Each structure stands twice: as structure tokens, then as C-alpha cells.
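Here is a briefing for a first look. Have the sequence and the model side by side as you read.

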Amino acid sequence: MDPNYAPYVPVVIIGILVVGLAAVILLANRFLGPRRTTREKAIPYESGVDPVSTPRQRFSVKFYMTAMLFLIFDLEVVFIYPWAARYSEFLRDNAFAPIAFWGMMFFVTILSLGLLYEWKRGAMDWE
Amino acid sequence: MVDDLLLISPLLIVTVMGLVSLLVGVFAPAGSFKGWLAFLTSFGFLAALGACYMLWHETSAGAAFSSQSFHYSLTLDHFGLALCGVILLGALLATLTAVHYLPAQKSDHAEYYALIAFSALGMMIMVMAADLLTLFVALEVMSISIYILAGFKRDSSFSTESAMKYFILGSFASAILLLGISFTYGATGTISMREIGLAVAGGDAHSELALFGMVMLIVAFGFKIAAAPFHMWTPDVYEGAPASVTGFMAVGVKAAGFGALARLLLTCFGAPEYRDGSAVSWETLIVILAVISMCAGNLMALAQKNLKRMLAYSAIAHTGYLLMALLVVPASSDGEQALNALGGGLVFYLLAYTLANVAAFGVAAAVGARGVEDAGEEAYAGLAGRDPMLAFALTIAMLSLLGIPLTAGFMGKLTLFGELLSSGGGEYLWLVVVAVVNSVVSAYYYLRVVMVAYMQDESAEKPIALLKSAPLRVAVGVAAILTLVFGIMPNKAINASTRAGYSLVHTSNPATYGARVSAAKPAITSTVEPKDVAHR
Amino acid sequence: MQTGNAVESADFFTHAELLPWIVLLPLLGAAINGLFGKRMSKGAVTFFGVGSVVAAFVLSCIEVSRLAELESGALASTLWTWFSSFELHIDIAFSLDQLSAVLLLVVTGVGSLIHIFSIGYMRSDEGYWKYFSYLNLFMFSMLLLILGKNLLVLFVGWEGVGLCSYLLIGFWFKDMPKAEAGQKAFVTNRVGDLAFLIGAFILLFYSQGTLDFHELKQTAASMHTDQPVELTIVCLLFLVGACGKSAQIPLYVWLPDAMAGPTPVSALIHAATMVTAGVYLMVRTNFMFSASETAMTVVAIVGAATALMAATIALVQNDIKKVLAYSTVSQIGFMVAAVGVGGYVAAVFHLMTHAFFKACLFLGAGSVIHALHHEQDIRKMGALKKKLKVTRWSFLISCLAIAGIPLFSGFFSKDEILFTAFTTSHWGADPKMYVFGMLLLAAFCTAFYMFRLYFLTFEGEYRGDKHTWDHAHEETVMNIPLMVLGFLAAAGGLLGLPHFTHAHFLHGWLQPVLGFVKGKAPDGTPLEFIQVGGENAFTYVHDTNTELMLMGLSVLVAAIGILLAWRLYKRPASELPKAPVDAWWHRLLSNKYYVDEFYDATIVRPLRGTANLLHKVVDVGLIDGLLVKGPAKTLGKIGDGLRMFQNGDVQAYATVVVVGMAAALFFIV
Amino acid sequence: MTPLLASMSQTAIPLSWYLAVALILFAIGTIGVLTRRNALVVLMSVEILLNAVNLTFLAFARHHDNMDGHVVTFFVIAVAAAEAAVGLALVLGIFRHNRSVNVDSMTALRN
């Protein structure tokens, strides 16, 4: 095999595995499972909600707003996580340790103030 | 650590003031008058100005601090401090114009003042940023706040539309900026400006990638500072945004953009081969942008009758003049070129521009306060009869923008053009001539404003409903008076801004100054008096 | 070099603490009247407005007498360092030497008289305080211009007088044409200012960062050897600047329109002081002009052409102020021509006498207009000598002076210009011979149109309506300045008697400033260039016979002009000659050679067109039409691939950004 | 570790491949910004632009073997979220006024 393509071998293997596994499961279901179809059973399972509607249906804007708010606050974890992972190393440097600690506290404080603002403005009330 | 906090005290003060007004506003009863928050914020800006002043003298030896506590991501030098001062002054005056303007526009929300503070914060960090990441984040803090401010009159479709346009184009420009940062990073393997400069000067960088990065950075900043042909957003946004916001945006964004661009270009690409052409010189690019900007801005402004829109085109023209300041290379005493220094033209011109624009947009806010934003000719026709003081301030602002002697604008142009002439062996004489021609052409539309304000009658069907606001008058008056003061006795300010320009020598690329600055420790760079570099 | 100059400057100048006050007093008056005038009584306004200028005149006299006592050098006073950056160091500083002394006395003296006249003229105007505030502001700027020690302070005054003239022309601003006249004056002036500014920047570049006149004088010599072309360019640019301010071809169009302002303003700004600023600038920088033969030739031709052209236009004007306006243009043409032939002293001399008699003429016109309730058409005047006695006599004296009748002031100064033009024709390029001819012809026209004006206004019989005639009267406060100016117009020439008398006071007085100048003879040998009447007159030949002959010639010419006017216009109304309105030359003259139309067609419209075009092509056309609407019709058929252009403004803007970025990348790689 | 996997970790995909993908993404995003009428889609295109840049940052970080690129990417993601929030609010504002989120409906400000 051309060595240039060596890096892609795992990709190919994963591809084969994914397709193969899916095929095996579906086929197994087809061959092993009993089939007694009724009308209810023929439609996709949606907890009783009518599954067929127009895809252009409008969602309330509140979904988006909540999603965005979630996204923003969720993303801040991206900064906290590496900090936490390296914090034990920061502690070893006596000069830097307080900076590392209070720096993150400052960040979190601002974040909480943002949360407080959001709360008071009523962004979290659904109605 | 506490010492380090002192170093960034202007930033901290503005941050805290922004947070306080955000929270105070949200606990205040809805519908109440929020103007008093303006005074709170202004007080914060004033305090930050004081802190800047203190730090300026702290660094009087010419030292530049770059603290380890912030991982060398901020540079505190005279250049940054001077521009912070300009930005804070603009923010202070623009805030005062908003006190009664916002209620008149039915948009009196506390968030306004917090957003002004946050965007000022972003601007200040921009001019101090020492690495590209800090620069990017600061730019976004500024931009996002300004997007919201531009759309602050939610009832006005103009305001919303201008915000949306600014947002789409601005985020597109951000992407270009990021691509530029990415290429520069790819070429050099670092995001610290100083190290990029070292790598570029030392020939360790992938030169084509770095070049691509440089061009994209210039394009992105060209967008922010409204340089043609990246200026298309300016008139729409300036016209649609509330006048008090436009005033702040016109001066703050420009000051921050120019500060960051100057530092970036001189630090990262200050090496001679990037300046005088053996690779490709960014100066050529800047020259082209400058010429296109001043010509296009002036020509388009000629036919413009809306005050705010005219000022937008004039902003483009002034970008052209200001870009010339980036080309100033002062001669040093020992005959070699002090490559990484700027003269005093940039900072002083920005100061003059800030004052004139704050006054002009202040007047626009006062005459346009009829619920419907309107700065057409009939809005300020015969203003002299209704309100001589506002008309006078408007006149001073126009004369300063035009560059009539005894105004700060004239001294700014004189400094800028004079410095460009005495640097670089006269190769830019033609550029100065182009700029002078342009500034004379601009007389036509600036004086038109004065003529309409003084010599036309008020329009019959739309009498002016002037905004009665003492803080606005104070802000406009202070701006006009300072314009005259800096025009008549500018020496101190020019000296300070020259010092600021020279301070870039210490903080930008050490490679070109190997002999002089090699002893620099990372924490505090060596101290060289500007006099060593200057001619005298 | 610079330090050397500085040391020398320190020795050269004697400190004078009163000098700044001469400049500041009018500013103070302007500020007081401008800020509080609305609430002050008319008497108080008059006190501050007129008093400040009179006080400035008194101070000027004191300082000039101090200057006269100095053995050498000049007076100077430095207020503060205005500006210091790189190699450039500029002070706010004033200096008083012999040249500025002449101008100073003329400006403050005539200025005081005109201020006094204005008390009567403007009495019933509601903007009385505003008027005096502007007028004082103008005096301040003018004094700044005269006393400025360096080019930059001069430039401040230069711009200031332009601004004030803009304000004063548009003074009765309810009137839109007047506001537009102000606009026209300012815009035309800006063209001149542009040239001046560019010249100053080029000069700055080659003069090692100094704009101080005293230091420039030294650098000009070295520039002359090193950069002769650059020096010529600077001189020519200064000439264009002077053309703007002093209303010379091709920028004279604003001055006749500027007559829309109040008449005292016309007298002060558009006759006596501001319009001579260009001449002053050229005389002030004479060391540069003298060093450039080309520039001198151009200056001489421009001046002579203007003198002749304006004089011919004045022949057919019917508005009393328009005649005087074109006369002013023409007389300044004489001064400029004098500069061009090297007769700086003659230029200054004529500047001075012109200030006297033209101010007197304008004030006389003002008195007439005031008496006749703002009637300005000379066809509706006549026989006014019965009603306006003082005005008539002062007007007549001034007419005799401007026409060049012996013993009146204009005779001496105009004659000296003609003499200089004639005798120097062998120096420099040949066209200077034509200069003499054109000036002589202009002198003839001057005599004719001035006496046409005089006869139509004061002699013959009255042609206006009865009611106005009955109310026509003079005012004492307006008569005093007229008498003083009439006296000066008659006697002012004694300061410069012809050369053969060896009693030319001005020559001796101005010698320190205009005497010794580095120059170059036509054969290339460097020499000390000496003006007419200097001790070692090198270039010029003193020839009493020539002088007398020329004198006789100019008197003859003037006499013919006056006689012709007398024959034609001193008649009853019915016998007055009908203007040949259909003749081609009359149409040409009364339409002022179609210059306004020419400018409109060649400059104003194309400029406006370009702006509109850009606006239409780039904004509406390119973005809207080509990128947005155009494809809907044309490109729409080609395919959906180009639909991007239809999407709307923001995206078109973004497209431009992308295109710009691509161009930048393409350019730089 | 099997020999196969060991060889994988040693042989990196060349940097230029990453850059090519990133630039293609950037081009797609740019075309989206320039051509799509729906403001929401334009916002999405901007996100694509930012992610394209992120990809280059990561590729360069890998190439230079330092962390700077990763850090920048984190910040870009955070900033992109903030931008998206503001952008969405603005789209809502536009919708309230124009009853449409089409970019070309915003032409009240012109000339």
C-alpha cells in the first residue's frame, strides 16, 4: 500500500465499521423481530404528538433566546475547564498563584453579574 | 499584583462603572428617568482620565510597562495612554449629549450607558493590546457594544437597519481580521506582536503567509476606520444610528482603530523590508488607501445635504488624512531612520477630530430630537437665530474639520503634513499636495453647513424643535472651546502627542533597535528619551 | 544654520511689548461686542467697537515712532511657542519693520476713519453690534496678517480676513443673493489659499523647516542657487494666492459681487486693506520673487492685464459700487504690475495712496447711497453737488487723485509705477515693454470712467424721483472721515516725490526692508539686487529727462480721458449719449468678458457634475444599478450564477469589500 | 500499540490540506454572506467563516506545536456566540419593522 494513504486506513476501518454495524442491526431487526403492523405502529414514535406537520412551522422566538443564553453561559466553561486542569501547576508558582486564583474569580464574578442582570431583566421568564 | 492592577486602573474603573450602571439600571423602576446614570458614567470616565494622567507621569521616563500578571498581553506606553485619553474624552462628551436626547427619542434605557462604557473599554484595550488575541477580543467587545448602540432606538426602522447593516459587514470584517491573525500566526508561530516582529525581521517567518496576513489585517482595520474602498457601511450606519451614538462611534472607533493599526503595523511589520519595498511595503498600500479615501470621501460629501451623512463622508476623507500619519518616519539624530516611531500627527489629529465631531454630532442630536431622526438641511436652517451658542459650536466644529487656522483641526493638519514632509526625504510631497487640495475642496460642503445655519431662514413647515438639554450644551460647548484652545495654544498637546508617537519606538519591534533596546527585560523595556531619536 | 539664524534674529530684533496689544485690542472689541453686544446700548457698542480701533491706531503711532528711532533692525514680540515638532518650530510672534509700519498706519488709520463713518451709516441697522463685532474681528485678522513675524501667523490673518469678508459680505443675510456672493468670495479665495498653502508647504520643505521671514531671507539665497525651479514654483503659487486675495486675473470675479455688503465694508475690506494683502505678501517675500525672473515676468503680465481688463469693464458699469469695484481691481493690477517689474516701493506707495483715495471714494459712494435711500444706479443720480457738498468735494479730489492729475497723491504713485515699468523693460524678459503700454492704456480708461462716474453723479441734472431728492442730506459723523480722507488723497503723494527731486521719503524709509536683496543679473553673475532709488541703483537708470517725459505723457493721457468724459457726460439728462448696448464690444464689456459664464461652464459645473456623477455612478449606478437592478434586466437572462448582485445593499457593500481585498492581495503579491 | 496505529501518529496530514479545507469553507461562507437573502442564513454563513478560521488556527497550532492557536479558537467560539446572540436580536428587530428577514428589504438608508 502506498504509505501516503496509511493515515487514512483507520478512517476507512471506522467507515466500514459504522456502515457494517448499522447494516447488521437493521438486518437483525428485520429477520429476528416479529411483525404485526397496525396504523399506529406504522407511523414514527412521537409520544403521541402528531409527527407530520409542515417543516416551515414557526417556533416562538423564546426558544432561540433561551438557546442563545444557554450557549453563551455554557461556552464560558471552555475557559474554566483548562484553568481547572492546570490549576495545580499554577499553585506551584508562588508569584502567579494568587493571580491565577483571583483572575478566575474576577471572571466568574462578571459572569454572575451577567446572570443576575439577565435574571432581573426577565430573560428567564417564559411568559 | 496590586501594583499591576494600578497599571490597568483606567480599564478597571471603566469596567466597574459599566457593570454598576448596568445593574443599577436594572434595579431602577422601569420608565423612570435614566439620565442620571450618564453622570455616573461620566464620572467614571473622568476618573479614568485622571488615572491615565497619573500613569502618563508615572511613565514619564519613557518606560513602557508590560506586566507578567497579564501575560504580556497589554502594553502601557505613552501612545496607548494618550489614545486612551482621547477615547475617554470622546466617551465623556458623547455620554453627556445623550442625557436628554434618549428620552426625547423614547429610548431611555439604562443599558445605553453600560454599553458606552463597555465599548470604551474595548477601545482602550485595543490601543494597549500587545498580542493579537487581546486585540481581537478587545475589538469584538467594542464592536458588539456598538452594534447594539447603533440599533438602540428599537422603534426606529432606520436605527435597526443601520445596526443590522453594521453588524453583517462588521462580523464579516471580523472574520477577515481573524483570517489575517491566523495567517500571521501561521507564518510566525506566535500571536505576540513583539515576537511576530522579531520573527518577521529575523527572516524566520513564512514570508508569503505573513504578507497575506498583513494585507487582511489592513483590510479589516480599513473597514473599522472607514477607509475607502472598505467604507461602504459608513454613511448608512452614521445616518441611521442615534446621533449621540454616531458621535461616539465616529471618534472612538476611529481612534481605537488607528491606534491598534499603527501599533500592529509598526510592531509586527516594522522591519525595513516590510516598509521600503524589498519584499512588499505596506506603506504603498496605505498610500493608496489614503488617496482613495480622501478623494472619494470629499467628492461624495459634496452633494450631501444630510448633516449626519455628510459627516460620514467627511469621516472617510479624514481617514485618508490620518492614514498619512502612519507614513511618518522621523529622522533620528545619528542619521539612521527611527523606523518604529510615529510623529505627533496621529494622536493630535485624532484629538482635534474627536472634539470637532463630538460638537457636530452634539448639534445634530439637538436639532434632530423630534422623535424622528432628521438632520436634513431644514433641521438646522436658521439655527443661529434660534440658538446662537449651538450655531457657534457647529461653526467652530466645521471650521476645525476644514482646517481653518486657530482651530485644532488646522494645527492637526499642519503637524501631520509638516511631519510627513520632513520625514522620508520628501517622497511624499505629492501626497501632501493631494491632501491640501482635498482639504480645500472640502470647504465647499463644510461651509455650506455654516451658511445654512446662519444665512437661511428657518423652514416654514418644519420649525426646529430644539432639544433643551444643559448637559448637551456643556458637552458641545466644552468641545468647541477645547477646539479653539488647542488651535491657539497647541504646543503642550503636540509635545505630548509627539512623545506618545515616539514611545512606540520602545514598545515595538526590538530587532530594528537591537543595540539600543537589547538590554530590555521582558517586564519593563529600557528607557530612551524621545530626544535621542528626535532630530532636535 | 538654524541656530545661526536664531542668534542673528535675536540681535536684529528689539523687543516691543506694545506690539501684541495693537493686534489684541480689536479682538477684545470684537469679543465684547460679539458676546454682550446684544444687551449693550448702542453707545457702548460704539465705544468698544470704534474705541478699540482708534486705540490701536494710537499704539501703532507710538510703536512706529519707536521704530523710526532705531538705528537698525526692527521691533518684535514673541507671545508663545505655537507649535514645535520635528524640525519645525513656529512662534506666535509679531514684528514691526518699515514695511509693516506703512501698512500698519494705513490699516489702523483708514480703519479708524471707516469705523467712525460706520457709526452714521449703520445707525438704524438692527445688527449694529454684530456689524462692529465682525468689523473688529476683521481688523484683528488684518493686523495679524501685517504684523505676523512668520508665514504661518500671516496665514492665520490671511484666512481670518477671508472669513470676515465672508461674514461681512453676507451681512444682510436675509438676502439670499448676498449670502451667495459671500459664498462665492470665500470659494474663490479658497482657490488662492490652496495655492498659497501648497506653496508654503513646498517652501517649508526646502527652507529647512523655517517660515520666519527674517530667516527665510537667508535661505532664499541658497535656494536660489540650489533649487531655482522650486523657488519659481513657490513664487508662482504665492502669486496665485495673491490673485485670489487681491482679485487679479483669473480669480478677480468675486470682488465685484462682494459689493453686496454694506458700503463701509466695501471701503475697508474691498478697497483699502484686505484686497491689498496679496500685494503685501509679494512685497514681503520680495527676496524670493526678485530671485526668479520667470515669476517676476508672470507677475508683471498678470498685473498689467488685470489693470487693463478691469478698467475696460468699468467703462460700461452703471452701478456706482460696481464701477468702484472694477476700479479697485484695476488699481491693484497696477500694484501687482509694479511688483512684477521690481518696483516694490512703488507698489507700496500706490497701495498707500490707493487706500486713501479709494476709501474716500467708497465712503463718498456710501454717503450718496445713504442719502438716496440705497439707490445705486448712477443713471438715476445727477446734480448731487447741490445736496452733498462735502461728499462732492472729497469725491472730486479723489477722482483727480486716481486719474493722476499732478499734485494729487495718485499722480505720484501711479507715475512711479509707469516709470519703473518703462525703465526696467531692459531687465528681464521683453514682455515688460507691453506692461508699460497696457498700464498707460489702463490709466487712460481710469481717468475716463472715474469722471464719467463723477459727472453722472454730481453734475448735470437729477434723474431720480422727487421724494428721494428732497430727503437727501449728509451726516456730520460721516463727513469727518470724508474730509480727512479727502485731505490724505490730496496730500498723501508728498511722501514720495519724484526721483529728480531727491525727496522720496518712502524710498529711504523702506530701504532696510526692500533695499538689499540677493539676486542674479541676466548674464548670470550674482549681485546685490537694488530697487529703484537705492543708493547703488545698479539695475535702473535714473534719467531725469525720461522721468519728466513720462510724467508729461501720463498727465496728457489722464487729461484726454477727463476731457472726453466731460464732453460726453456733463449734459442735461436728455442729451446724454445712449449706451451702444448692441455693439459687440459693449456686450462683451458689460458681460464682463463672460468670465463668470466661462468659470461656470468649465469649473463649477464639471465639479458639481463629477460629484453627482460619482454619487450616481458609484452609489446609485454601480451599487444600485449595476449590482442590484441592472442584472434584473440584462444579466438576469444570462443565469442565476450572477444573482448575487441582485441581493441588496449590504451584500453589495460586502462585495466591494471582497473585491477591494482581492485587489489588495493581487496588488501586493 | 499496534504498528499500524503507531505509523498513523507519526505521519501527519500535510498542513496545506487543512488550509485548503479551511479556505474552501471560508469561500463558502463568503459566498453565503454575499448571496443569501435570508438574514439568518447570512448569520450562519458568518459562523461558517469563523469556523473556517478556527480550523486554520488549529492546523497552525498543530504545525507549530504550541497552544496559542487553541486558545484563540476558544475565544473565537465564545465571541461567535456573543455575536450570534446580538445578530439574532437584530434580525428580530428587522422582522418587527419589515415583516421580513430578507437582507434586501433593508434599503431605507441609501445614497
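Ser100(D) touches Phe95(D) and Ser105(D), leaving aside residues up to four places away in sequence. The model is predicted. The points below start with this serine and then move through the other chains.

**Ser100(D) and its surroundings**

- Ser100(D) sits in the segment that follows α4 of chain D.
- Ser100(D) counts as partly exposed, because 14 C-beta neighbours lie inside 10 Å, and the partly exposed class falls between 12 or fewer and 20 or more.
- Asn38(D) is 62 residues away from Ser100(D) in sequence. In space the two are 8.8 Å apart, C-alpha to C-alpha.

**Positive phi outside glycine**

- Asp65(D) has a phi near 60 degrees, a positive value in a residue other than glycine.
- Asp65(D) belongs to the loop between α3 (39–64) and α4 (68–98) of chain D.
- Is Asp65(D) buried or exposed? Asp65(D) is exposed, because it has 7 C-beta neighbours inside 10 Å and the limit for exposed is 12 or fewer.
- In chain B, Lys106(B) also is not a glycine, and its phi is positive, at about 55 degrees.
- Lys106(B) lies in the loop between α4 (78–104) and α5 (111–128) of chain B.
- Lys106(B) counts as exposed, because 11 other C-beta atoms are within 10 Å.

**Helix α20 of chain B**

- Helix α20 of chain B covers residues 429–441, which makes 13 residues.
- What span should these 13 residues have at 1.5 Å a residue? The expected value is 18 Å, and the end C-alpha atoms are 19 Å apart, so the two agree.
- Several residues of α20(B) are buried, including Leu431(B), Val432(B), Ala435(B) and Val436(B).
- Asn438(B), Ser439(B), Val440(B) and Val441(B) are also among the buried residues of α20(B).

**Chain C and its helix α15**

- Chain C contains 27 helices and five strands.
- Chain C has 669 residues, and 59% of them count as buried.
- Take the contacts in chain C between residues at least 6 apart in sequence: 78% of these join residues at least 24 apart.
- Helix α15 of chain C runs over residues 320–340, a stretch of 21 residues.
- From first C-alpha to last, α15(C) reaches 30 Å. That is close to the 30 Å expected at 1.5 Å a residue.
- How many residues of α15(C) are buried? The count is 21 of its 21 residues, and the helix is mostly covered.
- Gly342(C) comes just after α15(C) and takes a positive phi of about 90 degrees.

**Chain A and its contact with chain B**

- Chain A has five helices and zero strands. Along the sequence the pattern reads α-α-α-α-α.
- Of the 127 residues of chain A, 0% count as buried.
- The domain assignment splits chain A into domain 1 (3–42) and domain 2 (61–120).
- The centres of domain 1 and domain 2 of chain A, taken over C-alpha atoms, are 41 Å apart.
- Which residue counts describe the contact between chain A and chain B? Seven residues of chain A are in contact with seven residues of chain B.
- On the chain A side of this contact, five residues are nonpolar, two are charged and no residue is polar.

Methods. Residues numbered from 1 in each chain as written. Chains lettered and ligands numbered in written order. Predicted model: local features only at pLDDT ≥ 70, side-chain atom pairs only at ≥ 80, totals over all residues. Helix = DSSP H or I, 4+ residues; strand = E, 2+ residues; numbered from the N terminus. Contact = placed C-beta atoms within 7 Å. Nonpolar A, V, L, I, M, F, W, Y, C, P; charged D, E, K, R; others polar. Expected span 1.5 Å × (residues − 1). Domains from an automatic or database assignment.
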